[in-house]
Amino acid sequence: MESIKQFFKSFMTWVGRMSASQVMMLLGIAAGTVVGLIFVVGWLSTVNYTRLYSNLSEAEAGEVVAYLQDSKIAYELTDGGRTVLVPSDQVYQARISLASEGLPRGGNMGYSIFDQNNLGMTDFLQNLNFRRALEGELTRTITQLNEVKAARVHIVIPKDRLFREDQKQATASVVLKLSGKGSLSKSQINGITHLVASSVEGLSPDNITILDYDGNLLSSGQESDPLAGLSSSQLEVRKNVEAYLEDKANSMLASVLGPGTSVVRVTADLNFQQIEKTSETFDPNAPSIRSEERVKTSNSSSDKPVEAAESTAEDASETVITNYELNKTMEHIINAVGSVDRLSVAVMVDGTYSQVENENGAIELIYQPRSQEELDRLAAIVKNAVGFDQQRNDQIEMVNIAFDRQNLEEDRQALDSMYLREFYWNIARKIGYVLVVVLLLIYFRKKSKKLFAAVSQLVPSGRPQRPRAEMATAIEDEPVEAIVAEKRQPTLVDKMQQTAKGQPEEIAKVIKTMMVE
């Protein structure tokens with residue numbers, strides 16, 4: 001206890017000898033050390049939480065939280081109790097444990113509902129469970145989309161009727177909760193529609209309605225109209241063809257003239273008619289034998305008189321029936337969809353500029369148009385790039401015109417000035433940082449010398465203390481140079497003392513005069 005009091009007394013004495021700047025520096029070091037320790041301890045004790053489940057109902061969240069409490073797993077609730085967070089190093093273990101317990105339960109159970117004991121269940125409950133399982137499986141599949149945060153699927157399967165005209169069609173509705181400000185494209189909506197239609201027997205895409213959580217209708221009957229879908233795809237194909245041809249022509253002109261000196265626009269008339277025809281062609285000039293039939297007949301007679309010589313006569317005939325057939329050619333032709341019927345190309349080309357010094361001595365750019373021969377060569381380049389065909393009545397129009405570059409020059413100058421200003425500002429800021437660091441180092445170097453000198457006086461040297469008499473003797477025995485105090489500038493008092501020692505009579509006269517006065 002005495003040592004603590006002695007240390008505290010020595011510390012206060014040491015602090016009292018310090019200047020105000022040294023005290024402030026000591027307090028700053030102490031405060032920085034305390035803050036650093038608090039930050040390190042807080043960082044080491046911080047637990048990172050990761051989402052375990054989200055979009056839970058109150059009942060599901062209650063079951064999950066109860067299980068986590070029984071398992072002594074830390075958790076946090078966010079999003080109004082709909083999202084459960086657990087430490088990141090325990091999230092997978094917690095999910096596996098909850099899955100083994102069948103949690104979380106709810107409308108997204110899926111076909112696992114049939115894993116339970118269904119003894120004594122009626123056909124109505126079986127059909128109801130099947131519909132619930134189908135809705136849950138579809139919900140799980142739809143929520144796998146990145147843009148979908150939550151989903152609900154409702155399916156209506158009508159009962160079978162005896163007559164076909166009394167049979168009603170199955171219907172379905174899908175409610176989607178999109179993440180953030182995301183939106184679904186038409187192809188994604190069509191994909192969800194066909195997914196649900198393909199998963200339910202007898203369900204047509206026309207009978208599926210898709211909404212978002214704000215009640216906005218995402219699907220409509222026009223989406224399933226083949227003509228409307230075909231028109232949308234035709235427009236997309238046409239835009240892609242025109243953009244492709246424009247990019248080819250622009251890249252070639254930019255390589256020849258330089259960037260920003262030409263503009264190409266292409267209008268493509270595409271043929272989207274799908275024609276399927278079958279034709280038979282007969283060639284009357286080249287008949288061919290289909291079949292031939294030959295019939296031969298012969299008649300023979302013999303007369304033998306008693307007295308005459310033997311004689312024989314024979315008659316033969318041949319009948320030929322030939323069937324001819326004309327040559328026939330059959331063709332089954334299906335025209336390609338999206339073929340190019342006609343192209344219209346418009347090209348604008350900038351001229352050349354020469355630098356001329358005006359009367360004021362400033363440099364000006366004078367526009368010079370291109371020659372017709374050069375324009376013809378450029379037109380030939382564009383024709384080859386876009387696949388120009390004269391037989392299709394393709395058209396091309398090339399115009400040499402001066403581009404308005406005033407705004408471009410102003411923007412360029414503004415950007416250059418901004419760049420230079422930012423460049424110089426960055427250099428000045430870096431120089432300022434270096435100067436501040438150098439000044440701080442110089443300041444702390446001076447203060448640290450005084451601080452270390454004061455600490456060295458406070459901290460004992462570790463040698464046994466000797467009596468003062470011995471210390472005085474030791475000091476007398478030591479050389480004079482070791483104990484000479486630091487030289488300081490002579491003050492007025494010192495000068496008066498030296499004068500009194502050297503000239504005491506003068507000092508006595510001065511004192512006597514002051515007393516008389």
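K149 lies in strand 4, which spans residues 148–156. In this predicted model, K149 is partly exposed, with a relative accessible area of 40%. K149 does not stand alone in charge: together with R51, R82 and R95, K149 forms a patch of positive charge on the surface. Patch membership calls for over 30% relative accessible area and no salt bridge. K149, at 40%, therefore clears the accessibility cut-off.

Strand 4 also takes part in the interior. The largest nonpolar core contains 21 residues. Within this core, I142, L176 and V196 have the most contacts. Two or more residues come from each of helix 5 (123–142), strand 4, strand 5 (170–178), helix 6 (186–199) and strand 6 (203–212). Strand 5 is the largest contributor, giving 5 residues.

Helix 5, one of the elements of this core, also carries a salt bridge. R131 pairs with E135, and their closest N and O atoms are 3.1 Å apart. Both residues sit in helix 5, at a spacing of 4 residues, about one turn of the helix. The two partners differ in exposure class. R131 is partly exposed, with a relative accessible area of 28%. E135 is buried, at 12%. Buried means under 20% relative accessible area, so E135 falls on the buried side of that limit.

The whole structure holds 7 salt bridges. A second one, besides R131–E135, joins the side chains of R238 and D269, at 3.9 Å from N to O. R238 belongs to helix 7 (residues 226–257) and D269 to strand 7 (residues 262–271), so this pair ties together parts that are 31 residues apart in sequence. R238 is partly exposed, with 32% relative accessibility. D269 is likewise partly exposed, at 31%. The pair does not act as an isolated contact in the model: R238, E242 and D269 are linked in a network of salt bridges.

A further salt bridge is found in helix 8 (residues 372–386). There the side chains of R377 and E373 meet at 3.5 Å, N to O. Both residues lie in helix 8, 4 residues apart, or about one turn of the helix. R377 is partly exposed, with a relative accessible area of 48%. E373 is exposed, at 56%. The cut-off for exposed is over 50%, so E373 passes the limit, whereas R377 stays in the partly exposed class.

The surface also has a nonpolar patch. Its area is about 730 Å². The residues that make this patch are Y419, L420, F423, Y424, I427, I431 and L435. One of them, F423, lies in helix 9, which covers residues 406–458. F423 counts as partly exposed, with 38% relative accessibility. That value is over the 30% needed for a patch, so F423 qualifies on accessibility.

Backbone geometry sets two loop residues apart for description. K72 has a phi near 55°, a positive value in a residue other than glycine. K72 is placed in the loop between helix 3 (58–70) and strand 2 (76–78). K72 is exposed, at 78% relative accessibility. N393 also has a positive phi, of about 65°, although it is not a glycine. N393 sits in the loop between helix 8 and strand 13 (395–400).

A third loop residue is described by its burial. L56 lies in the loop between strand 1 (49–53) and helix 3. At 5% relative accessibility, L56 counts as buried. L56 and T83 are 27 residues apart in sequence, yet their C-alpha atoms are 6.5 Å apart in space.

How values were computed. Residues numbered from 1 in each chain as written. Predicted model: local features only at pLDDT ≥ 70, side-chain atom pairs only at ≥ 80, totals over all residues. Heavy atoms only, no water. Patch = residues over 30% accessible without salt bridge, like charges linked within 9 Å, V, L, I, M, F, W, Y side chains within 5 Å. Areas by Shrake-Rupley, 256 points an atom, 1.4 Å probe, with all protein chains shown as cover. Salt bridge = Lys/Arg side-chain N within 4 Å of Asp/Glu carboxyl O. Lys, Arg positive; Asp, Glu negative; His and termini not counted. Charge placed at Lys NZ, Arg CZ, Asp CG, Glu CD. Buried < 20%, exposed > 50% of the residue type's maximum accessible area, 1.4 Å probe, protein only. Core = buried A, V, L, I, M, F, W, Y, C linked by side-chain atoms within 4.5 Å.
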